[in-house]
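Thanks for coming, everyone. I'd like to walk you through one model today, so let's put it on the screen.

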Amino acid sequence: MKIGFAAPVSGSWATVDNLALVAAKAEGLGYDSLWTFQRLLSPPDASWGEAYRAVLDPVATLGFLAARTSRIRIGVAVLNLPFFAPPLLAKQLATVDLLSGGRLDAGLGIGWSDEEYTAVGVDKRDRGKRAEEYLPLLRRFWTDEVVDHDGEFYRVPPTRMDPKPVQAGGPPILVGAGAEPALRRAGRLADGWVSSSRADLSSIGKSVRTIRTAAEEAGRDPAALRMVCRGAVRVRSARADRQPLTGTFEQIRADFADLAEQGVTELFVDLNFDPEIGSPDAGPAESMRRAEDALEAFAP
């Protein structure tokens with residue numbers, strides 16, 4: 001199982017210096033990937049959680065990470081498709097792929113926040129159907145010489161988009177999903193799947209099997225799909241009654257092995273979802289100290 005690390009993008013530790021330090025250290029320690037995530041807005045009462053109160057833009061951050069690294073892959077888990085017009089997102093991701101030398105992984109979802117949908121002026125209804133049209137269209141911008149599309153949700157007059165991404169066919173698309181229809185969409189249309197911060201990791205194998213079954217039914221090779229787990233790690237003192245990826249370094253390492261047995265092919269350690277680290281109220285120096293300990297402890 002490949003191991004990645006999430007860049008500091010949420011809370012007080014999300015600074016230029018910390019981004020550069022984590023990127024350099026993760027690459028030097030042999031991590032496979034660096035990750036960002038998207039959150040446009042947050043409620044005034046902070047009821048969505050500390051990780052969502054102050055978040056850097058993921059695409060801009062990917063450009064920064066591309067410039068500060070040379071080997072490690074960079075990814076986003078996830079961008080919400082309906083918040084972008086297809087040619088805009090296609091252009092942004094193609095540019096990051098080009099600037100990184102073909103190292104981008106594109107995690108894409110459909111979002112859940114009513115407030116964000118209202119603020120971007122998009123109807124939340126039929127978002128699954130919208131994604132069914134969106135994903136193939138996105139790839140066409142990356143591969144076709146001329147795109148001419150007239151669909152239910154999107155219309156593109158005959159036009160070109162250049163330059164193309166470095167990676168043949170464009171960056172790998174990883175669908176972020178939890179509901180069964182979306183899991184099956186990942187198996188039919190995407191290069192893999194990425195789990196959410198709220199996924200039940202004790203039964204993640206069930207989601208993996210749903211995706212692989214859908215891929216097989218669509219005539220695709222299920223073994224070729226990537227199964228990426230967002231590891232919302234919380235390093236704490238030893239306890240018997242704990243959730244997966246919460247506990248000591250040794251306990252969390254043992255959880256990695258269990259996730260691999262359930263079919264996870266990649267996992268990235270994400271400290272942004274630890275309220276003691278990824279909060280605007282957390283001490284940035286202490287958050288970074290703990291992050292450096294985690295980088296060393298979980299290095300591949």
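**The barrel and what packs around it**

Let me start with a pairing: strand β1 (residues 2-6) and β12 run parallel and are joined by four bridges. Strands here are DSSP E runs of at least two residues, helices are H or I runs of at least four, and both are numbered from the N terminus. Two strands count as paired if DSSP finds at least two bridges between them.

Before going further, a word on the source. This is a predicted model, where local features need pLDDT of at least 70, side-chain atom pairs count only at pLDDT 80 or more, and totals for chains, interfaces and linings use all residues. Residues are numbered from 1 along each chain as its sequence is written, and side-chain values use heavy atoms, leaving out hydrogens and water.

Back to β12. In the pairing with β1, F5 stands opposite V269. On the other side of our story, strand β9 (residues 226-231) also pairs with β12 in the parallel sense, over four bridges, and V228 has E266 as its bridge partner. Which way do the side chains of β12 (residues 266-269) point? E266 and F268 go one way, L267 and V269 the other, and all are buried, meaning under 20% relative accessible area, with exposed being over 50% and partly exposed in between (1.4 Å probe, protein chains only).

Now zoom out. Eight strands close into a barrel with parallel pairing, in the order β1-β2-β3-β4-β7-β8-β9-β12. From one strand to the next, the twist averages 25°; angles run from 0 to 180 degrees between N-to-C directions, with axes fitted to C-alpha atoms, for helices over the stretch in contact.

Within that barrel, β3 (residues 73-80) and β4 (residues 104-109) are parallel partners over five bridges, with I74 matched to L104. Have a look at V78, which sits in β3: the peptide bond from A77 to V78 is cis, with omega near 5°. Another cis bond joins D162 and P163, at an omega of about 0°, and P163 is in the loop between β6 (155-159) and β7 (173-176).

On to the helices. α3 lies across β3 and β4, at about 155° to β4. What is the angle between α3 (residues 86-99) and α5 (residues 127-143)? Their axes cross at roughly 50° and come within 9 Å, so the two are oblique, a label for angles outside the roughly parallel (under 35 degrees), roughly antiparallel (over 145) and roughly perpendicular (65 to 115) ranges. P86, P87, L89, A90, L93 and A94 of α3 meet Y134, L137, L138, F141 and W142 of α5, contact being heavy atoms within 4.5 Å. That contact has eleven nonpolar, no polar and no charged residues. Nonpolar covers Ala, Val, Leu, Ile, Met, Phe, Trp, Tyr, Cys and Pro, charged covers Asp, Glu, Lys and Arg, and the others, Gly among them, are polar.

For α1 (residues 16-28) and α9 (residues 284-297), the axes come within 11 Å and cross at roughly 10°, which makes them roughly parallel. This contact divides into six nonpolar, one polar and three charged residues.

Last, two positive phi angles at residues that are not glycines. D126 has a phi of about 60° and is partly exposed at 43% relative accessibility. L245, with a phi of about 70°, is buried at 0%. Happy to take questions!
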